Amino acid sequence: MIRLFANANYDFIKWRRWAFSLTGAIMLVGLGFLVTRGLNYSIEFTGGTLVQVELHRKVATADLRTALDNVGLRGADIQTFGSDTSYVIRARLTATSEATGDAGNEAVTAAVGKALDQSVGPGQYTILRHEAVGPKVGRELQGKAFMAILLSFVVTLIYLAFRFEWRFGLAAVVATAHDVVATIAFISVMHLEVSLIVVGAVLTVVGYSLNDTIIIFDRVRENLRKYRRQNLYEILNLSINETLPRSVLTHGTTIATTLALLILAGEVIRPFAWVMSFGIFTGTFSSIYIAAPVLLWIEKRWPGEDARGARAFGSRAPATPSVPAPPATPPSQPRTPQPAR
Amino acid sequence: MGKIRQRLYFIGALIVLSIISLVPRNAKLRIRDAATGTMKDTTVRRVPINLGLDLQGGIHLALEVDQSKGPVPDCADAIQRAERVVRTRIDEFGTTEPVVQIQGRCRLIVELAGEKDPGRAKSVVQRTAFLEFRITDMKGLFKDALPQIDAALRRAGVRSRGAAAPSAVAQLFGGDTAKAERDSATDANTPGVLQSLLFQGQLPGEYLVPEEQWPLVDSLINRPDVRAAMPRGIELRWGSQSESRGARAYRALYAVDARPIITGEELVKATARRDPVTNQSVVPFQLSHRGARKFSDETARHINDYMAIILDGRVQGQPPVIRSQIGANGQIELGAKPLQEASDLALVLRAGALPAPLTIIEERTIGASLGADSIKDGIIAGVVGVALVIVIMIGYYRMSGALAVAALTLYCLFTLAGLAAFGFTLTLPGLAGFVLSIGIAVDANVLIFERIREELVHGKSLRLAVDDGFLHAMNAIVDSNVSTVLTALILYAVGTGPVQGFAITLIIGIAASMISAIFVVKTLFLIWLNRRPDMVTLSI
């Protein structure tokens with residue numbers, strides 16, 4: 001059999017400061033982009049009109065631009081979409097046009113039609129997609145997307161606190177928060193359009209990264225029980241090394257599918273696939289270099305009973321690891337559904 | 001051995017159920033017959049997976065009660081009644097499986113798959129279609145009140161702007177009454193603002209306003225002080241379209257009784273046809289028994305009066321004179337408008353009026369060709385993704401990997417069947433989620449296989465290593481999948497249409513992967529070990 005990293009014994013945790021510096025530097029660059037350029041919100045969030053059009057003959061983008069300017073759509077952006085005869089025209093609602101609201105969208109749609117008639121010629125184009133979103137819907141959606149990410153943190157924390165212990169939960173949430181910030185920075189650097197689908201991708205990254213962290217933490221929990229003499233530093237390293245083959249395989253298959261989506265699944269899905277591809281990297285990185293060191297740090301700051309995290313298991317571990325522990329748990333302790341094996 | 005048989009029965013049953021839920025079946029489709037304009041049912045055979053609008057093309061509309069012209073006190077009630085009306089209209093509109101549903105409290109979602117004409121769809125959904133018949137102002141009450149109204153306007157400081165050269169207009173018009181009216185205004189030496197803009201029409205209660213002036217007049221008659229000065233029991237309604245008299249275009253303004261003699265509620269039947277003599281589009285209608293009695297009583301009292309047919313606040317055509325008692329049947333004349341418009345009007349009249357006007361707050365139209373491209377690209381990406389996963393799994397885990405791949409085909413079957421059986425909709429993000437979940441689905445198998453390898457390294461026997469591998473991997477599998485399901489549930493709660501499709505696909509995918517990766521693969525392992533009891537090394 002092929003065995004990748006069969007007896008891996010890398011000291012991952014040793015490099016934690018380097019890792020922090022690296023991710024810190026990357027994030028600073030990303031946040032710089034975020035502050036200076038901001039996010040490219042889709043009309044779902046800003047309100048406005050989107051028209052995707054397929055031209056039957058090639059037209060210079062500058063001509064389209066001029067035609068749109070002529071009909072008074074100066075703020076509209078034009079983007080090729082897939083091929084050079086396919087364009088997406090976006091006109092976001094501005095603060096001034098918000099008062100007119102939905103009537104504004106109707107006017108924009110009519111104006112885009114006029115501009116296309118002028119520049120391409122009537123009947124020389126097909127409208128493939130048309131979206132018009134009122135300002136109210138956009139505002140609602142912004143709130144909802146924010147709530148969704150926040151809520152996913154809270155639910156995760158509760159689940160992990162229930163399943164593991166608050167130290168683990170906190171470490172996992174810190175790692176996940178890192179992924180969200182890094183992903184948003186990535187979206188800003190790549191200037192990807194933030195649509196609801198991209199928010200969905202961010203939430204999927206949250207789930208995926210968490211999933212990865214849990215796999216390692218699950219091993220940490222088990223190893224803490226198994227090797228009573230080692231300290232948390234060693235246990236963390238051991239657990240990461242033990243789960244390394246799984247990480248490589250699973251990330252390999254997931255990356256294979258996201259790359260297939262990125263390259264083959266078309267323009268609409270591409271921003272989603274970009275975010276997912278990046279999310280797999282940052283999720284893997286954060287499980288090893290954020291979640292584990294943060295757990296170590298939390299354990300130092302608020303030590304568990306024997307100062308190595310064993311309290312996570314109700315401090316009822318028996319002298320010999322092979323004998324199952326009695327299920328009696330003090331009521332104040334977090335419950336662990338799986339008795340020590 | 002009996003245990004394996006039980007497991008096989010269970011898997012077999014799941015496969016059979018999945019296939020049953022995916023067998024193409026007949027779906028009823030209402031389409032409009034292009035020749036006659038009527039609806040007819042046809043049946044098509046297709047796989048029962050609902051495709052989202054982004055995959056099959058169509059129109060998505062989000063509507064709310066229009067509060068801009070005055071607050072609607074109970075929008076939830078209004079939207080519920082509107083939902084029934086819109087549903088009736090849409091059912092006759094001619095699309096497959098239209099969606100009409102209330103979202104939240106006061107929002108209505110309408111989705112029309114495959115429909116290509118957003119303008120027409122919008123007008124059918126949005127049209128209030130409130131039909132009423134009112135007698136015009138036969139006694140000239142409005143005309144008598146005009147000086148008072150103008151006095152009110154003068155008090156409010158409104159100067160006449162458009163009345164600079166009314167004489168030319170009056171001449172063009174050529175009506176004696178108009179001249180007389182204008183004269184009376186100059187006699188008073190204070191040309192009233194409104195009076196100078198209105199010209200007496202041909203029938204009682206009809207006034208004409210030059211086309212370019214009508215926004216001004218409209219703003220004047222909607223002023224509160226003008227409304228207060230209006231004679232009791234009289235209201236003003238605009239004509240539905242401008243008409244040209246001589247070289248200029250005019251719009252008619254009608255003074256009508258505030259009380260309708262009958263409304264569209266009494267209407268039971270409306271059709272559309274083209275009048276063979278005049279070649280005009282007409283909508284003949286029929287009233288209910290009760291409505292007909294009321295209508296004939298009222299018309300008997302108003303013989304030789306003019307009756308305005310008002311639809312959504314606009315007078316349709318010139319009000320006809322009532323020559324004799326009218327019974328159950330009547331018709332609305334639409335002039336030269338296309339028959340399509342007449343049949344849409346008949347459709348909304350049959351379905352009834354909306355309780356309140358609706359405004360569109362979100363609209364998406366996706367062309368069918370775009371959807372077809374998305375499906376094609378999505379399937380190609382899916383096939384390539386799956387091929388890569390198969391290569392990785394078999395390349396790394398050999399025979400065990402092949403078992404996992406076999407389970408993966410069942411995973412795809414179960415997921416699609418889950419979508420079909422629960423009637424969920426497959427959207428483009430859903431398709432992406434499905435492709436992505438194939439990558440994630442093998443994670444459970446990777447976890448299990450790595451465990452088995454570790455147990456083997458620890459020197460356990462084959463069978464024990466397999467059993468323990470499954471057992472010890474369970475914890476991690478359950479924890480990680482529950483956390484993914486939780487985020488997917490949040491996404492479902494927050495998202496709309498396409499994103500909900502993604503969340504649903506992810507959740508069903510995880511449930512299916514639990515069954516395929518753990519239960520199916522375990523069964524395959526058990527069969528494998530039973531067939532080869534002498535095996536000493538596991539191909540893993």
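The exercises below, each with a worked solution, concern a predicted model of chains A and B.

**Exercise 1. Describe how chain A is built up, from its secondary structure to its domains.**

Solution. Begin with the secondary structure, where chain A holds 10 helices and 6 strands. Turn next to the domain assignment, which gives domain 1 as 13-38 + 139-312 and domain 2 as 48-133. Between the centres of domain 1 of chain A and domain 2 of chain A, taken over C-alpha atoms, the separation is 40 Å. Finally, consider burial and contacts: 48% of the 341 residues of chain A count as buried, and among the contacts in chain A with a separation of 6 or more, 74% are accounted for by residues 24 or more positions apart.

**Exercise 2. Work out which elements of chain B form the side that touches chain A, and what kinds of residues are found there.**

Solution. The first step is the extent of the interface, in which 58 residues of chain B are in contact with 54 residues of chain A. At least two residues each of the side of chain B that touches chain A come from strand 20 (358-366), helix 12 (368-421), helix 13 (428-457), helix 14 (462-494) and helix 15 (497-531) of chain B. Helix 12 of chain B gives the most, with 15 residues. Sorted by class, this side of chain B has 34 nonpolar, 15 polar and 9 charged residues. The last step concerns strand pairing between the chains: strand 5 (residues 125-133) of chain A pairs with strand 20 of chain B in the antiparallel sense over 5 bridges, and A:R129 stands opposite B:I366 in strand 20 of chain B.

**Exercise 3. Decide whether strand 7 of chain B is enclosed or open, and identify its partner strands.**

Solution. Start by counting: 5 of the 5 residues of strand 7 (residues 131-135) of chain B are buried, so this strand is largely enclosed by the rest of the structure. Then look at the side-chain directions, since B:L131, B:F133 and B:I135 point one way while B:E132 and B:R134 point the other way, and all are buried. As to partners, strand 17 (residues 307-311) of chain B runs antiparallel to strand 7 of chain B and is joined to it by 5 bridges, with B:L311 as the bridge partner of B:L131. Strand 13 (residues 262-263) of chain B is also antiparallel to strand 7 of chain B, joined by 2 bridges, and here B:F133 has B:I262 as its bridge partner.

**Exercise 4. Locate B:P71 and classify it as buried or exposed.**

Solution. B:P71 lies in the loop between strand 4 (58-65) and helix 3 (75-93) of chain B. Because B:P71 has 8 C-beta neighbours inside 10 Å, it counts as exposed.

Notes
Residues are numbered from 1 along each chain as its sequence is written. Chains are lettered from A and ligands numbered from 1 in the order in which they are written. This is a predicted model: local features need pLDDT of at least 70, side-chain atom pairs count only at pLDDT 80 or more; totals for chains, interfaces and linings use all residues. Domain bounds come from an automatic or database domain assignment. Two residues are in contact if their C-beta atoms, placed from the backbone, lie within 7 Å. Helices (H or I, at least four residues) and strands (E, at least two) are DSSP runs, numbered from the N terminus. Ala, Val, Leu, Ile, Met, Phe, Trp, Tyr, Cys and Pro count as nonpolar, Asp, Glu, Lys and Arg as charged, and the others, Gly among them, as polar. Two strands pair if DSSP finds at least two bridges between them. A residue is buried if 20 or more other C-beta atoms lie within 10 Å of its own, exposed if 12 or fewer, and partly exposed in between; C-beta atoms are placed from the backbone.
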